[in-house]
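Thanks for coming, everyone. I'll put the model up first, and then we'll walk through a few of its features.

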Amino acid sequence: MLEAQNLTYAIGDAKLVDGVSLSAGAGEVLSIVGPNGAGKSTLLRLLSGEAQPTKGKVYLHGQALAGMDARQIALKRAVLPQQTLLQFGFTAHDVVLMGRNPHLYGGWPGRDDLAIADAALRDTEMTPYAERKYPTLSGGEQSRVTLARVLAQQAPVLLLDEPTSSLDVRHQEMVMGVAKALADKGACVVVIIHDLNLAAAYSDRIALMRSGRLVTCAPACDVLNEELLSDVFECRLRVIEDGCSRLIVPERAHASARLEPAEQAL
C-alpha cells in the first residue's frame, strides 16, 4: 500500500534521509525507531507527501505520490503530526470533523459524517470532552483529539508521528491498541515511536534508523536483539524474553561513573 524507493532528503550538504527504501502493506503495523536525529520524522514527511524528496519516489497504492492531487492523497492516507497548533475556538468535535473534509466535496457534514466523528471520539475516550475548546485541553487530550481526527478520515494508510509521546501509560496502550485493531481490519499503519517496549508489543515489523539511513527493516523479533539495539542507540540494552513477549531495559551505570573527575569533586 505504501512504498519508498531510494528516498533521499538533503538540505545543503546534510542528508537528513539517505537512500531509504521500504514498504508497508495492508494489515500490518510498521514501527520506525531510532535515536534522536535519525531522520524518522523527515522520512514520515516524505512518505506523507508533506516534503518532496531530493531523490527517490514514494508510491501510494501503486501510484506515484508526486502525481496525485491533495484530495486524492487525503482519501488514501491520514497523518498524525507530532503537534497540532490550533489557536482558534474550535471544539474537540469540530477538530475531529475536519477529518471528514476529503469526503465532503465542498459540502457540509451529514448525518453519517457526524456519526463517524462521534465514533472516533469514543475510540479515543474523548467523548466527554467533545464540546471543550481545543486550546483548553491538556497536551495528552489534544493528542487524542488529533488521533480521533485521523480516525475520522477513514484512510486505509495511517502515518503516526510519536502518537504516544504526551500520553500516560493507559492511553499509550489504548493508542497502540487502536493502531493494531485498525491493522487487523486491513489498514496499513506506520508509526514513529520511541518506546521500544510498545514497539515490541504492537509491531509486525520494525524499521530501525540511524543517521538518516535505514539499518534494517524486519520482523520485530529479528530487530529487537541486544547487540543491534545497543549498537544503534549507543547504550547497553538488555532484551528479556518471556514467551512471545520481549522487554527492553537499559543497563544503568552508577551516575558518578559518567561524571568527569572535576565534577565528581564538587
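**Cysteines, charges and one enclosed helix**

Let's start with disulfides. The count here is zero, where a disulfide is a pair of cysteine sulfur atoms within 2.5 Å. Take Cys188. Its nearest cysteine sulfur belongs to Cys217, 11 Å away, and Cys188 is in no disulfide. Cys217 is likewise in no disulfide.

Before I go on, the ground rules. This is a predicted model, so local features need pLDDT of at least 70 and side-chain atom pairs count only at pLDDT 80 or more, while totals for chains, interfaces and linings use all residues. Residues are numbered from 1 along each chain as its sequence is written, and side-chain values use heavy atoms, with hydrogens and water left out.

How confident is the predictor? pLDDT is its confidence in each residue, from 0 to 100. The chain has a mean pLDDT of 91, and 93% of its residues reach 70 or more. Among the elements, strand β8 (residues 188–192) has the highest mean, 98, and helix α10 (residues 261–264) the lowest, 54. Those elements are DSSP runs numbered from the N terminus: helices are H or I, at least four residues, and strands are E, at least two.

Back to the cysteines. Are they buried or exposed? Buried means under 20% relative accessible area, exposed means over 50%, and partly exposed is in between, with a 1.4 Å probe and protein chains only. Cys188 counts as buried because its relative accessibility is 0%. Cys217 is at 25%, so it counts as partly exposed.

Next, helix α1. Seven of its nine residues are buried, so the helix is largely enclosed by the rest of the structure. The buried ones are Lys40, Thr42, Leu43, Leu44, Leu46, Leu47 and Ser48. Just after the helix, Gly49 takes a positive phi of about 90°.

Look at Lys40 in that list. It lies in α1, which spans residues 40–48. What is the nearest side chain of opposite charge to Lys40? That is Glu162, 5.8 Å away, and the buried Lys40 has no salt bridge. For charge, Lys and Arg count as positive and Asp and Glu as negative; His and the chain ends are not counted. A salt bridge is a side-chain nitrogen of Lys or Arg within 4 Å of a carboxyl oxygen of Asp or Glu.

What does the Lys40 side chain reach instead? The backbone oxygen of Gly34, at 3.0 Å. That is a polar contact: a pair of N or O atoms within 3.5 Å, where within protein one must be able to donate a hydrogen and the other to accept it, and residues adjacent in sequence count only if both atoms are side-chain atoms. Leaving out residues up to four places away in sequence, Lys40 touches Ile32, Val33, Gly34, Pro35, Ile192, His194 and Met209. Contact there means heavy atoms within 4.5 Å.

Now the salt bridges. Side chains of opposite charge can pair when their charged atoms come close. The count in this model is 10. Here are some of them.

Glu125 and Arg170 meet at 2.9 Å, N to O. This pair links distant parts of the chain, 45 residues apart: Glu125 sits in the loop between α4 (111–123) and α5 (139–153), and Arg170 in helix α6 (residues 169–184). Glu125 is partly exposed at 31%. Arg170 is exposed at 52%.

Arg210 and Asp231 also pair, at 3.1 Å, N to O. Arg210 is in strand β9 (residues 205–210) and Asp231 in helix α9 (residues 226–233), so this bridge ties together parts that are 21 residues apart in sequence. Both are partly exposed: Arg210 at 29%, Asp231 at 43%.

Then there is Glu241 with Arg246, where the closest N and O atoms are 3.6 Å apart. Glu241 is exposed at 53%, whereas Arg246 is partly exposed at 24%. And one network: Lys15, Asp18 and Arg213 are linked by salt bridges.

Last topic, backbone angles. Which residues other than glycine have positive phi? His61 is one of them, with phi near 55°. It is found in the loop between β4 (55–60) and β5 (63–64), and is partly exposed at 35%. Gln154 is another, at about 55°. Gln154 lies in the loop between α5 and β7 (157–161), and is partly exposed at 48%.

How values were computed
pLDDT = per-residue confidence, 0-100.
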